[in-house]
Amino acid sequence: MLVVMHSHATAQQIDQVVDAIRRMKLTPHPLPGAMRTAIGITGNVGAVDSNTLEVLPGVMELIRVTKPYKLASREMHEADTYVKMPQTTIGPSTFTLIAGPCSVENEAMVERTAEFLMAHGVRLMRAGAFKPRSSPYSFQGMGGEGLDILARVRGRTGIGIVTELMDTENADAVEEVADVIQIGTRNMQNFSLLKRVALASKPVLLKRGLAATLEEWLMAAEYVMAGGNNNVVLCERGVRTFSDHSRNTLDLSVIPPAKHLSHLPILVDPSHGTGKRDYVPAMARASLAAGADGLLIEIHPDPDHALSDGAQSLTFAAFEDLLASLRRLAEPLGKVLN
Ligand code: PEP
Ligand code: MN
């Protein structure tokens, strides 16, 4: 349920509605807008008794939110969400690039990548210290030592850090270092993890599950928002289909419905989406054309010797070419690269 207040409603009238919602043992979410304030209501299992609220001074109308996700829905929050971090803002009108290696491998390669990115105006670097690998025998990431490397490189170069949190155990450590906490595809429905990042002071980049519907994905975002963290960025990274010509099937067709149903920004990861570096630039450009708000993309100073995902990582030279073509394409599409 959404309570829409009159444009002339006073702060006191808004407080009265908030108190009334609390008395009904429900959770109010005041949503100030340019013209008027609306108050979202969550926590109800059945329909909310609208009579109690309808009669309060300053209330214009009550709207039923039909989707199972509430805070993530456009029904409840019409305006696009912009997610801010110290280095940049992710949201419509810009196209944000987040690039970097799959894993933190050593300090020199992370620093080299950060310097390269900053020199090219890319202000967010991705790199995993904790890696979810299909095989227990594959490189599992540098763990805490990797986080220390990221913190030092952040300090020296000023680049923002996007890094994955795999379990609640390491939440404090990742939250401290990260500018954006990445929740990986395999953890999209790890509800304890979602509840933990809901309490975090940093934005959350929520990858789509390997076989998740849009509704399941938005329900995962709802977990984070219901717990108090509204700074959620969605990231499409490919889903499982019968196709075997690429690592996953990058579902760019999810972007228009995601934008229609939700106000959250959405990025695309064409690296995991294709699995092959030759296929990445075309899908990166297609993501821009399809209305995404940016990219999460794997690059490596020496991809052929990468400890993980080298086959899908771009060389620095290939990334420079991609950047140039994205800049050319962004202008006619009304986007600015950031
Ligand atoms: C990654 O970004 O390196 C990663 C492991 O991604 P995903 O969770 O999409 O597989
Ligand atoms: Mn990877």
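In which sense do strand 12 and strand 13 pair, and over how many bridges? This is a predicted model, and I will start with that part of it. Strand 12 and strand 13, residues 266-268, pair in the parallel sense, over three bridges. In the register, Glu-236 stands opposite Val-268 of strand 13. The connection goes through helix 8, residues 255-261, and strand 12, helix 8 and strand 13 make a right-handed β-α-β unit.

Now the other partner. Strand 11, residues 204-207, also pairs with strand 12 in the parallel sense, here over four bridges. Lys-207 is opposite Cys-235 of strand 12. Helix 7, residues 214-226, belongs to a right-handed β-α-β unit together with strand 11 and strand 12.

As for strand 12 itself, residues 232-236, five of its five residues are buried, so the strand is largely enclosed by the rest of the structure. Both of its faces are covered. Val-232, Leu-234 and Glu-236 are buried on one side, and Val-233 and Cys-235 are buried on the other.

Next, the N-terminal part. There we have an open sheet of four strands in the order 2-3-1-4, with antiparallel pairing. Strand 2, 27-32, and strand 4, 59-63, are at the edges with a single partner strand each, so one side of each has no neighbour in the sheet. From one strand to the next, the twist averages 20 degrees.

Strand 1, residues 2-5, runs antiparallel to strand 4 and is joined to it by four bridges. Leu-2 is opposite Ile-63 in strand 4. Helix 1, residues 11-23, packs on this sheet and touches strand 1, strand 2, strand 3 and strand 4. The direction of helix 1 makes about 5 degrees with that of strand 3, 37-42.

Definitions and conventions: Residues numbered from 1 in each chain as written. Chains lettered and ligands numbered in written order. Predicted model: local features only at pLDDT ≥ 70, side-chain atom pairs only at ≥ 80, totals over all residues. Heavy atoms only, no water. Pairing = 2+ DSSP bridges. Helix = DSSP H or I, 4+ residues; strand = E, 2+ residues; numbered from the N terminus. Axes fitted to C-alpha atoms, helices over the stretch in contact; angles between N-to-C directions. Contact = heavy atoms within 4.5 Å. Buried < 20%, exposed > 50% of the residue type's maximum accessible area, 1.4 Å probe, protein only. Right-handed = clockwise from strand over helix to strand, strands pointing away.
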